[in-house]
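These are notes on the fold and on a few individual positions, set out as numbered points. Please read them with the sequence and the model open.

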Amino acid sequence: MPKIYYSCDEIPRNWHRYFGLCNAVELDLENLEHPPKKETLSRWRVESPKGFAFHLHADPAVIRGLADAARRQETPDKLPESLYEGWQTTLANAQALAAKTIVLSTPDSFTPNQRSRAALELFCSQCVQEAPLPVIWESRGSWDTEHTREWAAERGLTYLYDPFLALRDEIGFLHGDGAFLLTERGGVRREFDRYELRRLVDKLSSYDRAFFFLRGRFKWSHAESFRELDL
């Protein structure tokens, strides 16, 4: 069975309470009321339990740079300098945290067209493939899960997707690292119990590590269920 990490996207009350519930956390520094300095990130790392994982969102300049490149009239052959500066900031923060992964979350405007693919491929060749830790890509919009996941894997990205929708659509699992999103989606089941999560985890035997990102109204009950699995 792979090593399972499960994280929520906010920290209620205090770190101590959170450490008792999850074994990872999803951090978007821009969404925090007081964005932390590197000294604070290092302190969080030191004070976290052994084996705890930080998933750090890429600096907003990286996302803006990709989106700007994809909006050009022609297929991009270079990326904005601000993107590379944002990537260096991301790597420095990741080092301070000893982050397990970096999360690249592209907006709805980053649609599955040739310009978007070219911009992301250029970014992968110049940044992702040299990164010292895995980069998880979360797309929004109409990207097709099965084909996008394989396209991303070929370029060094770990694609984030809903595993229950993949099972419903009979999309098989891969190997290496897997990134899975549990959140609310219209027209499908929104809350899963311990038994269903255990059955899902048992299907992930081909992976070395599985990162579960828990969001939405039921994230805390999902975290409780994962904790009760005693992974």
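1. The model is a predicted one. To begin with a single strand pairing, Ile4 has Ala210 as its bridge partner in E8. That pair belongs to a longer run, since E1 and E8 are parallel and joined by 6 bridges.

2. On its other pairing, E1 runs parallel to strand E2 (residues 24-27), here over 2 bridges. Ser7 stands opposite Ala24 in E2, and Cys8 stands opposite Val25. As for burial, 5 of the 6 residues of E1 are buried, and the strand is mostly covered.

3. These pairings are part of a closed barrel of 8 strands in the order E1-E2-E3-E4-E5-E6-E7-E8, with parallel pairing. From one strand to the next the twist averages 25 degrees.

4. Helix H4 lies across four of the strands, namely E2, strand E3 (53-57), E4 and strand E5 (135-138). Its direction makes an angle of about 165 degrees with E3.

5. H4 also packs against helix H2 (residues 38-47): the two axes come within 7 Å and cross at roughly 35 degrees. H2 contributes Lys38, Leu41, Ser42, Trp44 and Arg45 to the contact, and H4 contributes Ala92, Asn93, Ala96 and Leu97. Sorted by class, the contact has 5 nonpolar, 2 polar and 2 charged residues.

6. Two positions in H4 deserve a separate check. Ala92 lies in this helix and counts as partly exposed because its relative accessible area is 25%. Ala92 and Lys38 are 54 residues apart in sequence, with their C-alpha atoms 8.2 Å apart in space. Gln95 is also found in H4; its relative accessible area is 66%, so Gln95 is exposed. The C-alpha atoms of Gln95 and Ala131 are separated by 11 Å, and the two residues are 36 places apart along the chain.

7. Helix H3 (residues 60-70) is mostly covered, with 8 of its 11 residues buried. The buried set consists of Ala61, Val62, Ile63, Gly65, Leu66, Ala67, Ala69 and Ala70. Among the elements that cover these residues are helix H4 (81-97), strand E4 (101-105) and helix H5 (114-126). At the N-terminal end, H3 is capped by Asp59, which has a side-chain oxygen 3.0 Å from the backbone nitrogen of Ala61.

8. Which residues of helix H9 (residues 219-228) are buried? They are Lys219, His222, Ala223, Ser225 and Phe226. Viewed down the axis of H9, the buried residues fall within an arc of 160 degrees, so they line one face of the helix. The background is familiar: an α-helix has 3.6 residues a turn, so residues three or four places apart point the same way.

9. The cover over the buried residues of H9 includes strand E1 (3-8), strand E7 (176-182), helix H8 (194-202) and strand E8 (207-214). E1 and E8 thus return here, having been described above as a parallel pair. Just after H9, Asp230 takes a positive phi of about 55 degrees, a backbone value to look at when the model is checked.

10. His57 has its place in strand E3. Its relative accessibility is 13%, under the 20% limit, so His57 counts as buried. The side chain of His57 makes a polar contact of 2.7 Å with the side chain of Glu26. Leaving out residues up to four places away in sequence, His57 touches Glu26, Leu27, Asp28, Thr90, Val103, Ser105 and Arg215.

11. Is Ser48, in the loop between H2 and E3, buried or exposed? Ser48 is buried, because its relative accessible area is 14% and the cut-off for burial is under 20%. Apart from neighbours within four places in sequence, Ser48 is in contact with Phe19 and Phe54.

How values were computed:
Residues numbered from 1 in each chain as written. Predicted model: local features only at pLDDT ≥ 70, side-chain atom pairs only at ≥ 80, totals over all residues. Heavy atoms only, no water. Buried < 20%, exposed > 50% of the residue type's maximum accessible area, 1.4 Å probe, protein only. Arc of directions from axis to C-beta. Contact = heavy atoms within 4.5 Å. Polar contact = N/O pair within 3.5 Å; in protein donor to acceptor, adjacent residues only side chain to side chain. Axes fitted to C-alpha atoms, helices over the stretch in contact; angles between N-to-C directions. Nonpolar A, V, L, I, M, F, W, Y, C, P; charged D, E, K, R; others polar. Pairing = 2+ DSSP bridges.
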